[in-house]
Amino acid sequence: MLAYEKVNPIFDKWLDILRLRNNWDIKLELINDDNFKKTGDFKVDPDDRKAILMINAKNPKNENVEEVIIHELLHLKLYPLDQLTEGLIDGHYNVDTPEYNTIYTQFMTMLEQTVEELTKCFLLQYGDNKELSYGRCKTMKSFNELYDGLKALK
């Protein structure tokens with residue numbers, strides 16, 4: 001289980017590296033709840049520029065807490081762009097239509113991929129623990145398992 005003594009110095013370090021300390025008031029919260037399924041998440045009040053970074057202290061899927069902190073803080077750094085894009089999608093597509101679902105899913109996928117790639121870059125350049133986590137991979141199907149049950153091509 002993660003403890004504040006271990007996580008707080010990492011959190012403080014990355015607030016400075018990502019230049020968030022003077023722009024946002026951010027509180028770190030370790031979640032010890034079996035119902036919290038995510039490894040990390042945020043609650044954001046953009047009007048007051050306050051945020052709570054929530055880290056799963058009990059059962060994280062990611063094995064490197066520094067990687068999780070960087071990832072989540074980058075989401076906060078990109079939050080204005082995220083909200084602008086979501087607003088544009090909402091303004092141009094009707095919710096719960098195939099078009100809306102397609103563009104929204106593509107945006108969210110690209111956002112996660114971008115944040116994850118930036119996380120790797122920052123971690124490998126400035127991280128104390130440069131070991132990438134493969135925790136999510138452990139829950140995914142293998143390449144061969146993806147083909148189980150499919151009809152053979154003729």
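Reader: Why is Thr102 called partly exposed?

Author: This is a predicted model, and in it Thr102 has a relative accessibility of 44%. Buried would need under 20% and exposed over 50%, so at 44% Thr102 counts as partly exposed. Thr102 sits in helix H4.

Reader: What makes the pairing of Thr102 with Pro98 a polar contact?

Author: A polar atom of the Thr102 side chain lies 2.8 Å from the backbone oxygen of Pro98. The cut-off is 3.5 Å between N or O atoms, so a separation of 2.8 Å qualifies.

Reader: Thr119 is in H4 too. Is Thr119 buried or exposed, and how do you know?

Author: Buried. Its relative accessibility is 0%, and the limit for buried is under 20%, so Thr119 counts as buried. Leaving out neighbours within four places in sequence, Thr119 is in contact with Glu67, Ile70, His71 and Leu74.

Reader: And Phe122, what makes that residue partly exposed?

Author: Phe122, again in helix H4, has a relative accessible area of 25%. The band for partly exposed runs between 20% and 50%, so 25% puts Phe122 in that class. Not counting residues up to four places away, Phe122 touches Trp14, Ile17, Leu18, Ile70, Leu74 and Gly127. Ile17 is 105 residues from Phe122 along the chain, yet their C-alpha atoms are separated by 9.2 Å.

Reader: How do you know that the length of helix H1 is what it should be?

Author: H1 covers residues 4-17, which is 14 residues. At 1.5 Å a residue they should span 20 Å, and the end C-alpha atoms are 20 Å apart, so the two agree. Just after H1, Arg19 takes a positive phi of about 55°.

Reader: Which residues of H1 are buried, and what covers them?

Author: The buried ones are Val7, Ile10, Phe11, Trp14 and Leu15. Seen down the axis of H1, these buried residues fall within an arc of 140°, so they line one face of the helix. That fits the general geometry: an α-helix has 3.6 residues a turn, so residues three or four places apart point the same way. The cover over the buried residues of H1 includes strand S1 (25-31), strand S3 (50-56), helix H2 (65-77) and helix H4 (98-126).

Reader: What makes you say that the buried residues of H3 line one face?

Author: In H3 the buried residues are Tyr79, Asp82, Glu86 and Ile89. Viewed down the axis of H3, they fall within an arc of 90°, so they line one face of the helix. On the other side of H3, Pro80, Leu81, Leu84, Gly91 and His92 are exposed. Among the elements covering the buried residues of H3 are strand S2 (40-45), H2 and H4. As for length, H3 (residues 79-92) has 14 residues and reaches 20 Å between its end C-alpha atoms, close to the 20 Å expected.

Reader: Which residues touch the most other members of the largest nonpolar core?

Author: That core has 30 residues, and Phe11, Ile26, Leu53, Ile55, Ile69 and Leu73 touch the most other members. The elements giving two or more residues to this core are H1, S1, S3, H2 and H4. H2 gives the most, with 7 residues. Take Leu73: leaving aside residues up to four places away, Leu73 touches Phe11, Trp14, Leu15, Leu18, Leu20, Ile26, Phe42 and Leu53.

Reader: Why is Asn62 called buried?

Author: Asn62 is in the loop between S3 and H2. Its relative accessibility is 17%, and buried means under 20%, so Asn62 counts as buried.

Reader: What are the polar contacts of its side chain?

Author: A polar atom of the Asn62 side chain lies 2.7 Å from the backbone nitrogen of Asn64. The side chains of Asn62 and Ser133 are joined by a polar contact of 3.2 Å. Beyond four places in sequence, Asn62 touches Thr39, Glu67, Val68 and Ser133.

Reader: How do you know that Cys121 and Cys137 are not in a disulfide?

Author: For Cys121, the closest cysteine sulfur is in Cys137, at 18 Å. A disulfide needs the two sulfurs within 2.5 Å, so 18 Å is too far for a bond. A search of the whole structure finds 0 disulfides.

Reader: And what makes both cysteines partly exposed?

Author: Cys121 is at 43% relative accessibility, so it counts as partly exposed. Cys137, at 46%, counts as partly exposed as well.

Note on methods:
Residues are numbered from 1 along each chain as its sequence is written. This is a predicted model: local features need pLDDT of at least 70, side-chain atom pairs count only at pLDDT 80 or more; totals for chains, interfaces and linings use all residues. Side-chain values use heavy atoms; hydrogens and water are left out. Buried means under 20% relative accessible area, exposed over 50%, partly exposed in between (1.4 Å probe, protein chains only). Helices (H or I, at least four residues) and strands (E, at least two) are DSSP runs, numbered from the N terminus. The expected span of a helix is 1.5 Å times one less than its number of residues. The arc is that of the directions from the helix axis to the C-beta atoms. Contact means heavy atoms within 4.5 Å. A polar contact is a pair of N or O atoms within 3.5 Å; within protein, one must be able to donate a hydrogen and the other to accept it, and residues adjacent in sequence count only if both atoms are side-chain atoms. A nonpolar core is a set of buried Ala, Val, Leu, Ile, Met, Phe, Trp, Tyr and Cys residues joined through side-chain atoms within 4.5 Å.
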